[in-house]
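Trainee: I should like to work through this structure with you, step by step. May we begin once it is in view?

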Amino acid sequence: EVHAAVKALQTPLYRCYTEHVPEASRMHGDVATLRLVVSQTGKVFRVDFLEGSTRSKGFEVCLRELFLGLKLSTKPAEKMQFVQKIGFQNGLDKLTIEPPRAAGGAITKQSVNELAKAREGEIQACYKRALTNAPGLRGQVLVEIVVDGTRGTVTTARVVKSTLQNAETESCVLNTVRSFAFPIPDDPGIVILQFPLTFDAG
């Protein structure tokens, strides 16, 4: 529903862009990422400008004013947060409004472990492929990730220590971990966490 409500603002969104961003600066397009906080009445009461490729303060103010007061027909059971990304280019038909992502909570070691468990099948598939050539393969891999809290995405993943000693499996695991996506925390920032993964065919 949030996506539909934002898409209904397509024309005024584009007006904010053309009125506050100089034409010369619109040649290559711009992206704006905002956090929308929705009350239990279904009304957006807070708008945070998280990221933008244009530095126009007038543009930021216009977007905030446009979203403040936006009301959803469905009232949530509790306060909710969403991250909304919008791509702007010359031409109303080129405006892109991505589906919003739920936000809130915190990125902790527990949330990483829960996500790793949810993606266990993919991680174990990396290990099982290596078992065909090394049947006795077993060990533990300590992985470190750096999470960009403004997006909830993993920017860096590396092996800190490994008793598995299998480069193919470790590379496959890192590729899987890099695709992890976390809810945007209440206080976005850079988060660095380490967590162990144990592999044993027995």
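Trainee: How many disulfides does the structure hold?

Mentor: Please bear in mind that this is a predicted model. A disulfide is a covalent bond between the sulfur atoms of two cysteines. Cysteine 16 and cysteine 62 form one, with their sulfur atoms 2.0 Å apart, and cysteine 126 and cysteine 172 form another, also with sulfur atoms 2.0 Å apart. The number of disulfides held by the structure is two.

Trainee: How far apart in sequence are the parts that the pair of cysteine 16 and cysteine 62 ties together?

Mentor: Cysteine 16 belongs to helix 2, which covers residues 10–20. Cysteine 62 belongs to helix 3, residues 57–67, so the bond ties together parts whose separation in sequence is 46 residues.

Trainee: Is the disulfide of cysteine 16 and cysteine 62 left-handed or right-handed?

Mentor: The torsion about the S-S bond decides the matter. For cysteine 16 and cysteine 62 this torsion is about -70°, so the disulfide is left-handed.

Trainee: Is cysteine 62 buried or exposed?

Mentor: The cut-off for a buried residue is under 20% relative accessible area. Its partner, cysteine 16, has 2% relative accessibility and counts as buried. Cysteine 62 has 17%, so this residue too counts as buried.

Trainee: Which helices hold cysteine 126 and cysteine 172?

Mentor: Cysteine 126 and cysteine 172 are joined by a disulfide. The bond links distant parts of the chain, as the two residues are 46 residues apart. Cysteine 126 lies within residues 120–131 and cysteine 172 within residues 167–178, that is, in helix 5 and helix 6.

Trainee: What is the pairing of the bonded cysteines of the chain, numbered in sequence order?

Mentor: Cysteine 16 is bonded to cysteine 62, and cysteine 126 is bonded to cysteine 172. Both cysteine 126 and cysteine 172 are buried, and their link, with -65° about the S-S bond, is left-handed. Numbered in sequence order, the cysteines show the pairing 1-2, 3-4.

Trainee: In what order do the elements of the chain run from the N terminus on?

Mentor: The chain has six helices and eight strands. Writing α for a helix and β for a strand, the order from the N terminus is α-α-β-β-α-β-β-β-α-α-β-β-α-β.

Trainee: What radius of gyration does the chain have, set against a compact globule of 202 residues?

Mentor: The C-alpha trace spans about 65 × 45 × 25 Å along its principal axes. A compact globule of 202 residues would have a radius of gyration near 17 Å. For the chain, the value is 21 Å.

Trainee: What share of the contacts with a separation of 6 or more comes from residues 24 or more positions apart?

Mentor: Threonine 41, in the loop between strand 1 and strand 2, offers an illustration. Leaving aside neighbours within four places in sequence, threonine 41 is in contact with Lys71 and Lys75. For the chain, residues 24 or more positions apart account for a share of 69%.

Trainee: Which residues does serine 39 contact, leaving aside its neighbours within four places in sequence?

Mentor: Serine 39 lies in the loop between strand 1 and strand 2. At 17% relative accessible area serine 39 is buried, whereas threonine 41, at 40%, counts as partly exposed. With the sequence neighbours set aside, the contacts of serine 39 are Phe45 and Pro76.

Definitions and conventions:
Residues are numbered from 1 along each chain as its sequence is written. This is a predicted model: local features need pLDDT of at least 70, side-chain atom pairs count only at pLDDT 80 or more; totals for chains, interfaces and linings use all residues. Side-chain values use heavy atoms; hydrogens and water are left out. Helices (H or I, at least four residues) and strands (E, at least two) are DSSP runs, numbered from the N terminus. The radius of gyration is taken over C-alpha atoms; the globule rule is 2.2 Å times the number of residues to the power 0.38. Contact means heavy atoms within 4.5 Å. A disulfide is a pair of cysteine sulfur atoms within 2.5 Å. Buried means under 20% relative accessible area, exposed over 50%, partly exposed in between (1.4 Å probe, protein chains only).
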